[in-house]
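Open the model in your viewer and keep the selection panel at hand. The stops below go from the whole chain to single helices, the ligand and two loop residues.

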Amino acid sequence: MMSGSGSQLQLQDREKALVLGLWEKIAPQTETLGAEVLSRMIRVFPETRAYFGKLDMIPTSSDLQTQGGILLEALGDAIKNYVNLHELLTTLPELHMKTISVIHEHHMPVLLCIQIVLASHFPSDFNTKMNISWTKFLKEVADIISEHQNSSKSGECEPTPPDDSV
Ligand code: HEM
């Protein structure tokens with residue numbers, strides 16, 4: 001069990017095993033599946049297109065395949081190194097929240113589209129337990145990536161600023 005501080009939902013061992021098991025099937029096709037996730041996301045949630053302004057996001061483009069592959073590979077690394085999840089994802093909050101300025105609400109579209117693509121490609125694997133496990137896993141990753149925003153509300157995961165007022 002990990003000891004991170006940002007999320008309330010952590011995978012039980014059996015849930016982690018389910019996510020890892022499906023990851024073995026995802027791994028050989030991360031670019032194809034990842035491109036499908038992003039293609040679906042920007043069509044169903046057009047407001048998310050703006051984040052990818054400089055990229056060619058037509059479904060067959062190499063940009064989409066590359067970016068989709070990066071997204072799913074990051075999730076593969078995350079589940080394989082779940083015990084060190086916060087350390088592994090350490091650069092992503094800065095990138096997403098400060099550089100790209102992804103708002104917290106825009107994580108839901110990608111999490112939803114990932115699950116829809118997985119369920120449609122692996123229907124016999126994606127039963128309710130698998131669905132629960134991926135929901136928890138993806139929420140945990142998204143919570144870490146959003147930490148800069150969350151921490152300003154909750155006070156977690158940021159050093160306490162020095163009190164210069166006294
Ligand atoms: C499960 C959640 C997510 C994961 C694991 C993830 C992962 C990543 C990774 C690993 C990178 C590349 C980092 C690098 O170049 O160093 C990246 C870049 C990026 N991500 Fe995410 N991301 C997530 C959610 C999102 C969301 C919700 C959006 C916007 C709706 C988004 C938009 C982008 C953009 C625009 C880039 C940079 C693309 C470029 O110009 O190269 N990501 N993401």
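Two residues are in contact if their C-beta atoms, placed from the backbone, lie within 7 Å. Among contacts between residues at least 6 apart in sequence, 79% join residues at least 24 apart. This is a predicted model.

**Whole chain**

Display the secondary structure. The protein has eight helices and zero strands, and along the sequence the pattern reads α-α-α-α-α-α-α-α. Of its 166 residues, 27% count as buried.

Now colour by pLDDT. The average for the protein is 86, and 83% of the residues score at least 70. Select residues 151–166 next: pLDDT is below 50 there, and the stretch has nine contacts in the model beyond near neighbours in sequence. At residues 1–7 the pLDDT also stays under 50, with 19 contacts beyond four places in sequence. Among the elements, helix α8 (residues 147–154) has the lowest mean pLDDT, 51, whereas α1 has the highest, 98.

**Helix α1**

Select residues 13–26. How far apart are the end C-alpha atoms of α1? They are 20 Å apart, which agrees with the 20 Å expected for 14 residues at 1.5 Å a residue.

Within this selection, pick out L18, V19 and I26, the buried residues of α1. They lie on the same side of α1, because the arc they cover around the axis is only 90 degrees. An α-helix has 3.6 residues a turn, so residues three or four places apart point the same way. Rotate to the other side of α1, where D13, R14 and E24 are exposed. To see what covers the buried residues of α1, add the helices α2 (30–44), α3 and α7, which are among the covering parts.

**The ligand**

Centre on the ligand and show the 20 residues around it; T48, Y51, A74, H106 and V110 come nearest. The elements that give two or more residues to this shell are α3 (62–80), α5 (92–99), α6 (107–121) and α7 (128–145). Which of them gives the largest share of the shell? It is α3, with five residues. Colour the shell by class: 15 residues are nonpolar, five are polar and none is charged.

**Helix α5 and the loop after it**

Stay with α5, one of the elements of the ligand shell. Its buried residues are P93, H96 and M97. These cover an arc of only 85 degrees around the axis, which puts them on the same side of α5. On the other side of α5, select L95, K98 and T99, which are exposed.

Go on along the chain to S101, in the loop between α5 and α6. S101 is not a glycine, yet its phi is positive, about 60 degrees. Is S101 buried or exposed? S101 counts as exposed because it has 10 C-beta neighbours inside 10 Å, and a residue with 12 or fewer falls in that class.

**Y82**

Last, select Y82, in the loop between α3 and α4 (85–88). Y82 has 19 C-beta neighbours inside 10 Å and therefore counts as partly exposed; the buried class begins at 20. Add Q10 to the selection and check the distance between the two C-alpha atoms: Y82 and Q10 are 72 residues apart along the chain, and these atoms are separated by 9.7 Å.

Technical notes
Residues numbered from 1 in each chain as written. Predicted model: local features only at pLDDT ≥ 70, side-chain atom pairs only at ≥ 80, totals over all residues. Near = placed C-beta within 6 Å. Helix = DSSP H or I, 4+ residues; strand = E, 2+ residues; numbered from the N terminus. Nonpolar A, V, L, I, M, F, W, Y, C, P; charged D, E, K, R; others polar. Expected span 1.5 Å × (residues − 1). Arc of directions from axis to C-beta. pLDDT = per-residue confidence, 0-100.
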